[in-house]
Amino acid sequence: MTGPRAISFGAAVGLIARATGRTIRHVDVDPAAFIERQVAAGAAPDVARLLTELLVSLANGSGAALSDGVERALGRPPRAFETFVTETATAGHWN
């Protein structure tokens with residue numbers, strides 16, 4: 001499911017940083033290093049590889065095509081990510 005427009009991880013983090021007033025940044029990590037860090041934190045190697053492949057695929061633009069899944073599932077148009085971020089930060093969910 002998608003929102004009304006595709007955004008990158010970096011753009012999403014920038015919006016969250018702005019809404020929370022915090023310094024947050026997105027840093028690309030080498031996929032092999034990311035797998036190693038997940039396994040070191042206790043993730044199963046197969047799960048770490050699967051998650052990493054998914055994130056790399058998304059970062060490379062897979063899933064950037066918009067769809068009507070949100071509207072069909074919820075019966076309303078999708079909200080902009082900015083709206084979600086502002087509402088979530090205002091509600092104090094990231095405090």
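Helices in these legends are DSSP runs of H or I with at least four residues, numbered from the N terminus. The model is predicted, so local features need pLDDT of at least 70 and side-chain atom pairs count only at pLDDT 80 or more, while totals for chains, interfaces and linings use all residues. Residues are numbered from 1 along each chain as its sequence is written, and side-chain values use heavy atoms, with hydrogens and water left out.

**View A. A nonpolar surface patch with F9, L51, L54 and L58.**
Welcome to the first close-up: F9 lies in helix α1, which covers residues 9-20. F9 joins L51, L54 and L58 in a nonpolar surface patch of about 330 Å². Patch members have over 30% relative accessible area and no salt bridge; nonpolar side chains (Val, Leu, Ile, Met, Phe, Trp, Tyr) are joined within 5 Å, and like charges within 9 Å. Areas come from the Shrake-Rupley method with a 1.4 Å probe, and for residues only the protein chains shown count as cover. Which helix gives the most to the nonpolar patch? Helix α3 (residues 45-59) does, with three residues. For single residues, buried means under 20% relative accessible area, exposed means over 50%, and partly exposed lies in between (1.4 Å probe, protein chains only). F9 has a relative accessible area of 33% and is partly exposed. L51 is partly exposed as well, at 34%.

**View B. L51 and Q38, and what they touch.**
L51 is found in helix α3, and Q38 has its place in helix α2 (residues 31-40). Contact here means heavy atoms within 4.5 Å. Not counting residues up to four places away in sequence, L51 touches F34 and Q38. With the neighbours within four places left aside, Q38 is in contact with A43, A48, L51 and T52. Is Q38 buried or exposed? Its relative accessibility is 12%, so Q38 counts as buried. A polar atom of the Q38 side chain lies 3.4 Å from the backbone oxygen of A48. For a sense of scale, L51 and G3 are 48 residues apart in sequence and 21 Å apart in space, C-alpha to C-alpha.

**View C. The aromatic cluster of F81, F84 and W94.**
These three residues, F81, F84 and W94, form one aromatic cluster. A pair of aromatic rings is described by the distance of the centres and the angle of the planes. Rings of Phe, Tyr and Trp (its six-membered ring) pair if their centres lie within 6.5 Å; planes under 30 degrees apart count as stacked, over 60 as edge-to-face and the rest as tilted. By this rule the count comes to two aromatic pairs. In F81 and F84 the ring centres are 5.7 Å apart and the planes stand at 40°, so this pair is tilted. F81 and F84 are three residues apart in helix α5 (residues 81-90), so about one helical turn separates them. F84 has a relative accessible area of 32% and is partly exposed. F84 also forms an edge-to-face aromatic pair with W94, at 6.2 Å centre to centre and 80° between the planes. Because F84 lies in helix α5 and W94 in the segment after α5, the pair ties together parts that are 10 residues apart in sequence. At 27% relative accessibility, W94 counts as partly exposed.

**View D. T88 beside the aromatic cluster members F84 and W94.**
T88 lies in helix α5 and counts as buried at 11% relative accessibility. Its side chain reaches the backbone oxygen of F84 at 2.8 Å. Apart from residues up to four places away in sequence, T88 touches H93 and W94.

**View E. Salt bridges, including R5 with E82.**
How many salt bridges does the structure hold? There are four, a salt bridge being a side-chain nitrogen of Lys or Arg within 4 Å of a carboxyl oxygen of Asp or Glu. One of them joins R5 and E82, with the closest N and O atoms 2.1 Å apart. This pair links distant parts of the chain, with R5 in the segment before α1 and E82 in helix α5, 77 residues apart. R5 is partly exposed at 43%, and E82 is partly exposed at 27%. R49 forms a salt bridge with D46, the closest N and O atoms being 2.4 Å apart. Both R49 and D46 lie in helix α3, three residues apart, about one turn of the helix. D46 is exposed, with a relative accessible area of 58%, whereas R49 is partly exposed at 37%.

Technical notes:
Helix = DSSP H or I, 4+ residues; strand = E, 2+ residues; numbered from the N terminus. Polar contact = N/O pair within 3.5 Å; in protein donor to acceptor, adjacent residues only side chain to side chain.
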